[in-house]
Amino acid sequence: MVDEACRVYAVVNQKGGVGKSVSSTNLGIGLARHGKKVLIVDLDSQASQTVSLGWTQPDELPVTIATQLGKVVENKPFDPQAGILRHAEGVDLMPSSIELSGLEMRMVNAMSREFVLRSYLSEVKSGYDVVVLDCPPTLGMMTINALAAADRVIVPVQPEYLSVIGMTQLFDTVALVKKQINPGLQVEGVLITLANMRTTLARNTLEIIHQAYGGSVRIFPQTIPYSTKVKEASASGKSIFAYEPNGKAAYAYEQLVKEVERDGRQIGTNIRNAKAVEPCR
């Protein structure tokens with residue numbers, strides 16, 4: 001049964017390769033396994049999310065998120081259900097394609113350009129309990145649209161210095177969107193991904209993250225371990241729950257799902273107090 005209020009999560013980090021698409025997949029499918037009606041929206045023109053869920057030729061799909069957002073930009077009517085794909089593990093997917101990169105440039109000059117995605121979701125999300133937005137690895141127009149449409153932000157971060165140094169800029173962007181566009185936006189938490197905690201670098205970087213942000217932004221207690229099985233699952237079009245249900249990565253993502261479910265209540269964050277990250281010594 002669909003809840004009266006659908007919650008929208010934006011999975012955001014302007015750095016690529018930190019596990020955004022994998023985390024979006026496993027969060028969405030994990031929530032579906034708990035009985036939620038879930039829509040995952042691929043907002044990256046590289047379509048990694050779409051490919052990892054089994055649609056390996058995204059540019060051949062007749063309708064994608066670019067198609068639908070293009071109609072919003074042009075103020076044309078559209079079928080809200082058009083293009084939505086059904087995955088075998090119980091989630092729906094609005095796929096992406098390379099066409100999205102051209103649309104993003106068009107959106108720069110569009111009326112109410114920050115609200116194009118919100119307008120689309122307003123026609124779709126009543127059929128869902130949860131929408132998960134898999135954002136591109138930039139802080140460009142599509143990510144701003146995601147933040148304008150979202151209720152909560154999840155920030156996947158690999159415990160390596162280069163993955164962490166951009167977090168202050170990201171939190172500044174979230175704070176600006178919250179102030180000027182979307183007052184209800186909250187940071188759900190920072191998710192440590194691709195973590196090999198046997199290394200000194202990973203342990204030191206995790207300590208830096210806690211020191212810099214732990215007082216103002218929630219850091220999920222369960223880290224997502226580095227695992228080749230996660231990559232294999234994506235290559236097979238499956239979640240880690242289907243590919244290796246008894247593995248460490250599946251356990252870690254299940255804990256994330258439980259945390260997100262538990263935090264259906266308001267989580268206060270004060271992202272403006274986050275400190276700048278100092279280099280590792």
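**Exercise 1. In which sense do β6 and strand β7 (residues 186–192) pair, and over how many bridges?**

Solution. Keep in mind from the outset that the structure is a predicted model. Begin with the pairing itself: β6 and β7 run in the parallel sense and are joined over six bridges. Next, take one residue pair as an example, since V155 has V190 as its bridge partner in β7. Then turn to strand β1 (residues 7–11), which is also parallel to β6 and is joined to it by three bridges. Here Y9 is the residue that stands opposite R152 in β6.

**Exercise 2. Decide how far strand β6 (residues 152–157) is enclosed by the rest of the structure.**

Solution. The step of reasoning needs a cut-off, namely that a residue is buried when its relative accessible area is under 20%. Now look at the two faces of the strand in turn: R152, I154 and P156 lie on one side, V153, V155 and V157 lie on the other, and all of them are buried. Because six of the six residues of β6 are buried, the strand is largely enclosed by the rest of the structure.

**Exercise 3. Describe how helix α3 (residues 65–73) packs against helix α4 (residues 99–107).**

Solution. The axes of α3 and α4 are 9 Å apart, and the angle between the two helices is about 20 degrees. Angles under 35 degrees count as roughly parallel, and α3 is therefore roughly parallel to α4. The crossing of the two helices is left-handed. On the side of α3 the contact is made by I65, A66, T67, L69, G70 and V73, while α4 contributes E99, L100, L103, R106 and M107. Sorted by character, the residues of this contact of α3 with α4 comprise seven nonpolar, two polar and two charged.

**Exercise 4. Describe how α3 packs against helix α5 (residues 116–124).**

Solution. The axes of α3 and α5 lie 9 Å apart, and the helices pack at an angle of about 105 degrees. Since angles of 65 to 115 degrees count as roughly perpendicular, α3 and α5 are roughly perpendicular to each other. I65, Q68, L69, V72 and V73 of α3 make the contact with V116, L117, S119 and Y120 of α5. The contact of α3 with α5 divides into seven nonpolar residues, two polar and no charged.

**Exercise 5. Is T143 buried or exposed?**

Solution. First locate T143, which lies in helix α6 (residues 141–149). The relative accessible area of T143 is 0%, so this residue is buried. Leaving aside residues up to four places away in sequence, T143 touches V12, C135, P136 and T138.

Definitions and conventions: Residues numbered from 1 in each chain as written. Predicted model: local features only at pLDDT ≥ 70, side-chain atom pairs only at ≥ 80, totals over all residues. Heavy atoms only, no water. Axes fitted to C-alpha atoms, helices over the stretch in contact; angles between N-to-C directions. Helix = DSSP H or I, 4+ residues; strand = E, 2+ residues; numbered from the N terminus. Parallel < 35°, antiparallel > 145°, perpendicular 65-115°, else oblique. Left-handed = near helix turned anticlockwise from the far one by under 90°. Contact = heavy atoms within 4.5 Å. Nonpolar A, V, L, I, M, F, W, Y, C, P; charged D, E, K, R; others polar. Buried < 20%, exposed > 50% of the residue type's maximum accessible area, 1.4 Å probe, protein only. Pairing = 2+ DSSP bridges.
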